[in-house]
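Open the model in your viewer and keep the selection box handy. We will go from one stop to the next, and at each one you will find out what to pick and what is there.

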Amino acid sequence: SYDVLGFPDSAVHHYRRAVPLLGAIADSAALARVFAALGSAYDRVGVPDSARRYLERALPLLRARGDTA
């Protein structure tokens with residue numbers, strides 16, 4: 001991903017574009033991963049409030065799937 005390659009701003013842009021698409025097809029597993037990735041990317045660009053917001057959105061979706069990571 002762009003975040004891993006050192007481009008967290010680009011990662012935020014692309015992940016945010018994915019959110020409504022994944023919501024439209026009700027893919028909660030992918031949505032949870034994107035929310036977690038957005039949280040990580042926002043943390044890397046220094047926007048902790050947004051990072052926390054997306055990580056908090058990911059958590060219940062991950063728990064519902066039994067993901068404890």
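Begin by selecting Pro8, Ala11, Val12, Tyr15, Val19 and Leu22: these are the buried residues of helix H1. Keep in mind as you look that this is a predicted model. Now widen the selection to the whole of H1, which has 17 residues. From its first C-alpha to its last, H1 reaches 25 Å, close to the 24 Å expected at 1.5 Å a residue.

What do the buried residues of H1 pack against? Show H2 beside them, because H2 is their packing partner. To see the contact in full, select Pro8, Ala11, Val12, Tyr15, Arg16, Val19 and Leu22 on the H1 side. On the H2 side, add Ala30, Leu31, Val34, Phe35, Ala37, Leu38, Ala41, Tyr42 and Arg44. If you colour this contact by residue class, you will find 14 nonpolar residues, two charged ones and no polar ones.

Next, turn the view until you can follow both axes. Those of H1 and H2 lie 9 Å apart and make an angle of about 155°. That angle is over 145°, so the two helices count as roughly antiparallel. Their crossing is left-handed.

**The loop between H1 and H2**

Select alanine 26, which sits in the loop between H1 and H2. Its position is just after H1. Alanine 26 has a positive phi of about 55°, although it is not a glycine. Is alanine 26 buried or exposed? With a relative accessibility of 65%, alanine 26 counts as exposed.

**Along H2**

Now select residues 28-44, which make up H2. This helix has 17 residues and spans 24 Å between its first and last C-alpha, close to the 24 Å expected at 1.5 Å a residue. Highlight its buried residues: Ala29, Ala30, Leu31, Ala32, Val34, Phe35, Ala37, Leu38, Gly39, Ala41 and Tyr42. What covers them? The cover includes helix H1 (8-24) and helix H3 (48-64), so leave both on display.

Just after H2, click on glycine 46. Here too phi is positive, at about 85°.

**H2 against H3**

Bring H3 into view together with H2. The axes of this pair come within 7 Å and cross at roughly 155°. H2 and H3 are therefore roughly antiparallel to each other, and their crossing is left-handed.

For the residues that meet, select Ser28, Leu31, Ala32, Phe35, Ala36, Leu38, Gly39, Ser40, Tyr42 and Asp43 in H2. Their partners in H3 are Ser50, Ala51, Tyr54, Leu55, Arg57, Ala58, Leu61 and Leu62. By class, this contact divides into 12 nonpolar, four polar and two charged residues.

**Last stop: glutamate 56**

Stay on H3 and select glutamate 56, which lies in this helix. How accessible is glutamate 56? Its relative accessibility is 44%, so glutamate 56 counts as partly exposed. Finally, draw a distance line from its C-alpha to that of alanine 36. The two residues are 20 apart along the chain, and their C-alpha atoms are separated by 8.5 Å.

Technical notes:
Residues numbered from 1 in each chain as written. Predicted model: local features only at pLDDT ≥ 70, side-chain atom pairs only at ≥ 80, totals over all residues. Heavy atoms only, no water. Helix = DSSP H or I, 4+ residues; strand = E, 2+ residues; numbered from the N terminus. Expected span 1.5 Å × (residues − 1). Buried < 20%, exposed > 50% of the residue type's maximum accessible area, 1.4 Å probe, protein only. Contact = heavy atoms within 4.5 Å. Axes fitted to C-alpha atoms, helices over the stretch in contact; angles between N-to-C directions. Parallel < 35°, antiparallel > 145°, perpendicular 65-115°, else oblique. Left-handed = near helix turned anticlockwise from the far one by under 90°. Nonpolar A, V, L, I, M, F, W, Y, C, P; charged D, E, K, R; others polar.
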